[in-house]
Amino acid sequence: MTPIDRQCSLGFTIRCLSNLMRRKLCESAPLSEGRSEVGGQIMGFLCDHADREFYQRDVEEIFYIRRSTASRFLKDLERDGLLLRQGVSQDGRLKRLIPTEKALAIHEELNRKALQVESILSNGLTPEEITQFVAIAQKIQQNLMR
């Protein structure tokens, strides 16, 4: 595959979009303080669904990550004061994942900045184009999960 062919491939295009989007988001909302991108995504998910009960096995399934990977990210979030693990009465081995007030405050700020980036992403696109793009991206995601 030549460099020109690679530029027309789906994988190359998706990777470039991902890099550009990540750069734009970090530009407007630096995720420093030692937080990883995946850790931030996990924190964001838990904050978005703070009214529901989630456990480590849920994080593993939702993010398609291994137990050891989930455990490491959750330990980091807990260490940074962004997550509490609360035991549940029905099973002493289970720990409910609860975002802290600090996490919720950071999440609110990141959501505001993510909306700004979303506006940049969708600039010049019609609602139909966005719907079509999302549908195609979901098909690609399904292909990768087979």
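A nonpolar core, as I shall use the term, is a set of buried Ala, Val, Leu, Ile, Met, Phe, Trp, Tyr and Cys residues joined through side-chain atoms within 4.5 Å. With that in hand, colleagues, let me present this structure, which is a predicted model.

I begin with the overall architecture. The protein chain contains seven helices and two strands, and their order along the sequence reads α-α-α-α-α-β-β-α-α. The chain has 146 residues, of which 24% count as buried. Its accessible surface is about 10600 Å², and carbon and sulfur atoms hold 55% of that area. As for contacts with a separation of 6 or more, 52% of them join residues 24 or more positions apart.

I turn now to the interior. In soluble globular proteins, nonpolar side chains tend to be buried together. Here, the largest nonpolar core has 16 residues, and the members touching the most others are Ile-42, Leu-46 and Leu-77. Helices H3 and H5, the latter spanning 67–79, each supply at least two residues of this core. The greatest contribution, five residues, is that of H3.

Which residues does Leu-77 touch, leaving aside those up to four places away in sequence? The partners are Gly-39, Ile-42, Met-43, Leu-82 and Leu-83.

Next, the pockets. The largest pocket encloses about 2100 Å³ of space. Its lining comprises 47 residues, and those closest to the pocket centre are Ser-18, Met-21, Gln-41, Glu-118 and Leu-121. Four helices each give at least two residues to this lining: H2 (10–28), H3 (37–48), H6 (101–122) and H7 (127–145). The largest share comes from H2, with 13 residues. H3 therefore deserves a second mention on this slide: besides supplying at least two lining residues here, H3 gives the most to the largest nonpolar core, a set that by definition holds buried residues. In terms of class, the lining of the largest pocket has 28 nonpolar, eleven polar and eight charged residues.

The second largest pocket has a volume of about 180 Å³. Its lining is formed by Tyr-55, Gln-56, Arg-57, Glu-60, Arg-67, Arg-85, Arg-93, Leu-94 and Lys-95. Helix H4 (56–63) and strand S2 (91–99) are the elements that give two or more residues to this lining.

How many residues of each class line the second largest pocket? Six are charged, two are nonpolar and one is polar. For the lining of the largest pocket, I recall, the corresponding counts are eight charged, 28 nonpolar and eleven polar.

That concludes my presentation.

Terms used. Residues numbered from 1 in each chain as written. Predicted model: local features only at pLDDT ≥ 70, side-chain atom pairs only at ≥ 80, totals over all residues. Heavy atoms only, no water. Buried < 20%, exposed > 50% of the residue type's maximum accessible area, 1.4 Å probe, protein only. Contact = heavy atoms within 4.5 Å. Areas by Shrake-Rupley, 256 points an atom, 1.4 Å probe, with all protein chains shown as cover. 1 Å grid on protein atoms, 1.4 Å probe; cavity = no way out; pocket = protein on both sides within 12 Å on 5 of 7 lines; lining within 4 Å. Points joined across faces, edges and corners; volume = space filled by probe spheres on them. Nonpolar A, V, L, I, M, F, W, Y, C, P; charged D, E, K, R; others polar.
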